[in-house]
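I opened the notebook for a fresh set of coordinates today. Here is what I looked up, in the order I went through it.

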Protein chains: 2
Amino acid sequence: MHDHEPLQLEHFLPYRLSILSNTISGDIAREYQQQFFLSMTEWRAMAILARFPDSSAREVAERGAMDKVAVSRAVSRLVGAGRVSRDTHDDDRRRSVLNLTPAGWKIHDVVAPLARQHERDVVGKLTDEELATLMGILDKLSPV
Amino acid sequence: MHDHEPLQLEHFLPYRLSILSNTISGDIAREYQQQFFLSMTEWRAMAILARFPDSSAREVAERGAMDKVAVSRAVSRLVGAGRVSRDTHDDDRRRSVLNLTPAGWKIHDVVAPLARQHERDVVGKLTDEELATLMGILDKLSPV
DNA sequence: CCTTTATAGTTTCATTTGTAACCATTTGCA
DNA sequence: TGCAAATGGTTACAAATGAAACTATAAAGG
């Protein structure tokens, strides 16, 4: 009678991708959350500020594909915790100028290697060719 | 002096994967959320029940890699909306026996093709070889 | 100039989510 | 048996998130 055609979730790309991504990100996050009371958004903001000092909140949001409210909140907490400094831009007083503080760098220098190691563990399961293909696929599929 | 070695987020796999996955899942979700007031978790539960009728909440959680609280809430809403029926298992009265109702199937039969089409759009950007490699990678990296 | 419009960022409020504690029932085993 | 441990599921409370409204500053156009 009715031909319902359920999805085969186990072969459904968006679903599989979402599980994999959550697993990987979650595994890393758990480690630094315990040690530093650092949310994923906060860590992402810190990583961006490490790489692009003097960014404004908007730039952090753009580079991290996060929304500006999330960034605003993450930055307030980071500033409150003394991990990020917030100044006002000289030429545009709406804009903030964000940077890691020494305390922020100290955390960064623990978490970044940890994240890198975790990535190596994941990537280590792939052949060089698979990795290359995967990066190519990400380039193709990713927005921007 | 200090050698801080910031992460290169733009080449950092967990980060790129997370952006891609959120983009893809978010795009699909936006469509059915508007039309049916259906959260991603609810839709996922429905898709699982379509494919595995008579599942218990725990089975839904397991198959969907969701946590049991999320499932419990999604199922209550679905039952409340008349989209899923909940009975008690004959041999184990702790266990629920869940199924799509006719109203649930009706929604399923709209959303499933929509999801499939969206996947085709995404997958269409890849060559056959890339897709095969990607699925292989997902098999390798995925838990279970 | 001075008014309108755009941009940076924050706040507020409702909703969602995550964790832990909690019932009810069932299972394992002394 | 009967009692502790395990399991299925819900509830309660705190924290995270998202959308919209809001403030402050800057840019654009008459």
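The entries below go from the chain pair to the DNA strands, then to a helix pair and two backbone angles.

**Entry 1: status of the model**
I note at the start that this is a predicted model.

**Entry 2: how the two chains are related**
I began by superposing the copies. Chain A lies on chain B with an RMSD of 0.1 Å after a turn of 180° and a shift of 0.0 Å along the axis. The two copies are therefore related as by a two-fold rotation axis.

**Entry 3: where the chains meet**
How many residues of chain A are in contact with chain B? I find 44, and they touch 44 residues of chain B. On the chain A side, the elements that give two or more residues are α1 (13–36), α2, α5 (102–123) and α6 (128–141). Of these, α1(A) gives the most, with 12 residues. By class, I wrote down 26 nonpolar, nine polar and nine charged residues for this side of chain A. I then checked the two sides against each other: 100% of the interface residues of chain A are also interface residues in chain B, so the copies meet through the same surface.

**Entry 4: around DNA strand C**
Next I turned to the DNA. I see 19 residues around strand C, and the closest are Ser56(A), Ala57(A), Arg58(A), Ser72(A) and Arg93(B). Both chains appear among the elements that give two or more residues here: α3 and α4 of chain A, together with α4 of chain B. The largest share, five residues, comes from α4(A). My class tally for the surface near strand C is five nonpolar, six polar and eight charged residues.

**Entry 5: around DNA strand D**
Which residues come nearest to strand D? Of the 19 around this strand, they are Ser56(B), Ala57(B), Arg58(B), Ser72(B) and Ser96(B). The elements giving two or more residues to this surface are α4 (68–80) of chain A, with α3 (57–64) and α4 (68–80) of chain B. For strand D, α4(B) supplies the largest share, with five residues. I sorted the surface near strand D into five nonpolar, six polar and eight charged residues.

**Entry 6: α2 against α3 in chain A**
I looked at one helix pair inside chain A. The axes of α2 (residues 40–51) and α3 (residues 57–64) come within 10 Å and cross at roughly 105°. That makes α2(A) roughly perpendicular to α3(A), because angles of 65 to 115 degrees are counted that way. From α2(A), the residues Arg44(A), Ala45(A), Ile48(A) and Leu49(A) meet Val60(A), Arg63(A) and Gly64(A) of α3(A). I class the residues of this contact as four nonpolar, one polar and two charged.

**Entry 7: two positive phi angles**
Last, I checked the backbone. Glu5(A) is not a glycine, yet its phi is positive, near 45°. I located Glu5(A) in the segment before α1 of chain A. Is Asp54(B) buried or exposed? I looked up its backbone first: Asp54(B), also not a glycine, has a positive phi of about 65°. I placed Asp54(B) in the loop between α2 (40–51) and α3 of chain B. Asp54(B) has 12 other C-beta atoms within 10 Å, so I call this residue exposed. Glu5(A), with 13 such atoms within 10 Å, is partly exposed, because exposed residues have 12 or fewer.

Conventions:
Residues are numbered from 1 along each chain as its sequence is written. Chains are lettered from A and ligands numbered from 1 in the order in which they are written. This is a predicted model: local features need pLDDT of at least 70, side-chain atom pairs count only at pLDDT 80 or more; totals for chains, interfaces and linings use all residues. Axes are lines fitted to C-alpha atoms, for helices over the stretch in contact, and angles run from 0 to 180 degrees between N-to-C directions. Helices (H or I, at least four residues) and strands (E, at least two) are DSSP runs, numbered from the N terminus. Angles under 35 degrees count as roughly parallel, over 145 as roughly antiparallel, 65 to 115 as roughly perpendicular and the rest as oblique. Two residues are in contact if their C-beta atoms, placed from the backbone, lie within 7 Å. Ala, Val, Leu, Ile, Met, Phe, Trp, Tyr, Cys and Pro count as nonpolar, Asp, Glu, Lys and Arg as charged, and the others, Gly among them, as polar. A residue is near a molecule or strand if its C-beta atom, placed from the backbone, lies within 6 Å of it. Copies are superposed by least squares on the C-alpha atoms of residues with pLDDT of at least 70 in both. A residue is buried if 20 or more other C-beta atoms lie within 10 Å of its own, exposed if 12 or fewer, and partly exposed in between; C-beta atoms are placed from the backbone.
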